[in-house]
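Subject: Structure handover

Hello,

Here is the structure I promised to pass on. Please open it first, then read the notes below.

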2 protein chains.
Amino acid sequence: MSKNMQVLLASRPKAGVSESNFQIVERDIPTPGPGEVLVRNHWLSLDPYMRGRMNASKSYAAGVEIGDVMTGGTVGEVVESNHPRHKVGDFVVGNTGWQLYAAAAGETLNRVDPDLVPLSAYLGVVGMPGATAWTGLFEHCQPVAGETLVVSAASGAVGGVVGQLGKMQGCRVVGIAGGRMKCDYVVKELGFDACIDYKAGRLYEDLKNACPSGVDCYFENVGGPTMDTVLRVLNPFSRIALCGMISDYNLEEPYGVKLIRSLLVNRVRLQGFIVNDRMDLYQRALSRLGVLVSQGRIKYRESIAEGLQNAPTAFIGLLAGRNFGKQLVKLV
Amino acid sequence: MSKNMQVLLASRPKAGVSESNFQIVERDIPTPGPGEVLVRNHWLSLDPYMRGRMNASKSYAAGVEIGDVMTGGTVGEVVESNHPRHKVGDFVVGNTGWQLYAAAAGETLNRVDPDLVPLSAYLGVVGMPGATAWTGLFEHCQPVAGETLVVSAASGAVGGVVGQLGKMQGCRVVGIAGGRMKCDYVVKELGFDACIDYKAGRLYEDLKNACPSGVDCYFENVGGPTMDTVLRVLNPFSRIALCGMISDYNLEEPYGVKLIRSLLVNRVRLQGFIVNDRMDLYQRALSRLGVLVSQGRIKYRESIAEGLQNAPTAFIGLLAGRNFGKQLVKLV
């Protein structure tokens, strides 16, 4: 291939994201400058946080400008290097965006070992989502053996890791996911004690049954009515790691959470967080997760879209929960 | 006086509290048993938490049963003692309820010094509300000099102390209160930097103007739309001490808080708490507050109802914000 392909932000979504918010362009393959590395990307990660970057308003990071390449984590192969730490043939993870080739500063890339775990895992369980799960669980939920941990979006890239780590920690782990198929996977493959299909419409009753001793830790990925329902079953002194609110991202008017009083009555600690706030934990989390995944003690599942041109559709599907496990785009 | 008077819970309120929820009865003055002390109460404290105790559902403490004496903090004089630590003529604080006389276990009473601060202050600034302010501010808000602290119900028993301690800590302190008179008091008497009258209907604009560097700490006493508005002006890594939600207590359906996403985006730590969770801090807070009040460095204001028979009306007024400062009932 002699050309680069990029996906640009063409316009900002009003509420739901549509294909027309993106533009696919062909460009020359860039020439790496001093200290830079040319990477041929193999995999692109699609993650819910990207929805926030499509807005004009500031989220925890500045938004993507109209006409810019969409932001995104990637793993690829070094094809040219002007940086002493990287050599041709190395595999590296970075944040080089929705494109086939990127020239990136060497310091922003981290070498990964394709023999330890498959390359794509460095964008999922052994990447940003895995480190997010680790940080939220151990730093903010702080589960103790015997406690009950509830995880929303339990079959997702983050939720699946949270629950498996929670089981290792000796917790009762209850997932919440959309549909019987995802719930079966969460229990039978990932080893959660139970998983509730929120689409069945009995979330409160099902939660009460699945958590006979109440809920001590809640790892929140979705927000909205799911959060409002889990607030009803919290125990005194429980902890909430607020990682994501995907159910709100596409709404013009966010859902109003009624049971805030549960946070008072139960003296709950709720901590909003993003993984980058604790870069001190990042490498430690990833090296531990790499070992656990290579030993088969942490399992994961991927939804793979083929080809960069299919990234917009896959991203829209991710926001609607149509993915099953970590959403990736295969570029090579 | 040869009889005791008590206020009983006659029925549970559906939403708003009315006089008919209470019953005033005359009883014999009790005889203290072994280890007990007979106290003649001088002051009864009225506090928002009592609204929760009127419900059947468990709040952080068990509710008051129908026909029981309403729960409440009191300060009074020992008139008979079967306990070695208390002698006739001592003044003690305790939780002896809405009544003129009480026989209470000696261990549940703490002696106070009427020469340091006025007796009534041991139910307010140098009592449970003062310790609540101390715990929420220093343990949960953890303000640092130069930060901006917002306090709702700023003229109240808790809020007034929070703001004055925040000023000593070197913060910019902004109160929220209902009405021009309360706001004037908060700024001119208590020394807050600014106070916003939420009844003026421009809370968001006024908050933005009063907090040009955003909000780092929020001490929350009211909840509801006030909370939703403060969530819009929070800074990254801000801290919320969730102490009370008085705006919700009388609603059948609680207000839905829309801007939960601000907790995520700004990586906020929110901690629900009650003062009793940190009894380790209680005496330290009170001895420090006692000194500060006796030195005139912490000011306070009281709303005084005369006579136990007026306690129900005063309590209903407190829930509606008709008090101005600490609400007390004078019994002697």
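In which sense do strand β9 of chain B and β10(B) pair, and over how many bridges? They pair in the parallel sense, over 4 bridges. Strand β9 of chain B covers residues 172-177. One pair to find on screen is I176(B) and its bridge partner in β10(B), I196(B). Keep in mind throughout that this is a predicted model.

**The sheet**

Now zoom out from that pair. β9(B) and β10(B) belong to an open sheet of 12 strands. Read across, the order is β10(A)-β9(A)-β8(A)-β11(A)-β12(A)-β13(A)-β13(B)-β12(B)-β11(B)-β8(B)-β9(B)-β10(B). The pairing is mixed. At the edges sit β10 (194-197) of chain A and β10 (194-197) of chain B, each pairing on one side only. On average, neighbouring strands are turned by 15 degrees against each other, direction ignored.

A helix lies across part of this sheet. Helix α2 of chain B, residues 128-141, crosses β8, β11, β12 and β13 of chain B. Its direction is about 145 degrees to β12(B).

**Where the chains meet**

Look at the middle of the strand order, where β13(A) is followed by β13(B). These two strands run antiparallel and are joined by 3 bridges. Q271(A) stands opposite R269(B) there.

The whole contact takes 26 residues of chain A and 26 residues of chain B. On the chain A side, α8 (261-265) and β13 (269-272) each supply at least two residues. That side has 14 nonpolar, 6 polar and 6 charged residues.

How are the two chains related? A rotation of 180 degrees, with 0.0 Å of shift along its axis, superposes chain A on chain B. The RMSD is 0.0 Å. This is the relation of a two-fold axis. G256(A) is the residue of chain A that comes closest to the axis, with its C-alpha at 1.9 Å. The copies meet through the same surface, because 100% of the interface residues of chain A are also interface residues in chain B.

**Two residues to look at**

Start with T148(A), in strand β8 of chain A. Is T148(A) buried or exposed? It has 23 C-beta neighbours inside 10 Å, so it counts as buried. The cut-off for buried is 20 or more. Beyond its neighbours in sequence, T148(A) is in contact with residues including C171(A), R172(A), V174(A) and D216(A). Y218(A) is 70 residues away along the chain, yet the two C-alpha atoms are separated by 8.6 Å.

Next, take V174(B), in strand β9 of chain B. V174(B) counts as buried because 28 C-beta neighbours lie inside 10 Å. Setting aside residues up to four places away in sequence, V174(B) touches T148(B), V150(B), F192(B) and I196(B), among others. The C-alpha atoms of V174(B) and L207(B) are 8.3 Å apart, with their places 33 residues apart along the chain.

**Domains of chain A**

The domain assignment splits chain A in two. Domain 1 is 3-124 + 301-330, and domain 2 is 128-276. Their centres are 28 Å apart, taken over C-alpha atoms. The contact takes 14 residues from domain 1 and 16 residues from domain 2. On the domain 1 side, 6 are nonpolar, 5 polar and 3 charged.

Best wishes

Key. Residues are numbered from 1 along each chain as its sequence is written. Chains are lettered from A and ligands numbered from 1 in the order in which they are written. This is a predicted model: local features need pLDDT of at least 70, side-chain atom pairs count only at pLDDT 80 or more; totals for chains, interfaces and linings use all residues. Domain bounds come from an automatic or database domain assignment. Two residues are in contact if their C-beta atoms, placed from the backbone, lie within 7 Å. Ala, Val, Leu, Ile, Met, Phe, Trp, Tyr, Cys and Pro count as nonpolar, Asp, Glu, Lys and Arg as charged, and the others, Gly among them, as polar. Copies are superposed by least squares on the C-alpha atoms of residues with pLDDT of at least 70 in both. Two strands pair if DSSP finds at least two bridges between them. Axes are lines fitted to C-alpha atoms, for helices over the stretch in contact, and angles run from 0 to 180 degrees between N-to-C directions. A residue is buried if 20 or more other C-beta atoms lie within 10 Å of its own, exposed if 12 or fewer, and partly exposed in between; C-beta atoms are placed from the backbone.
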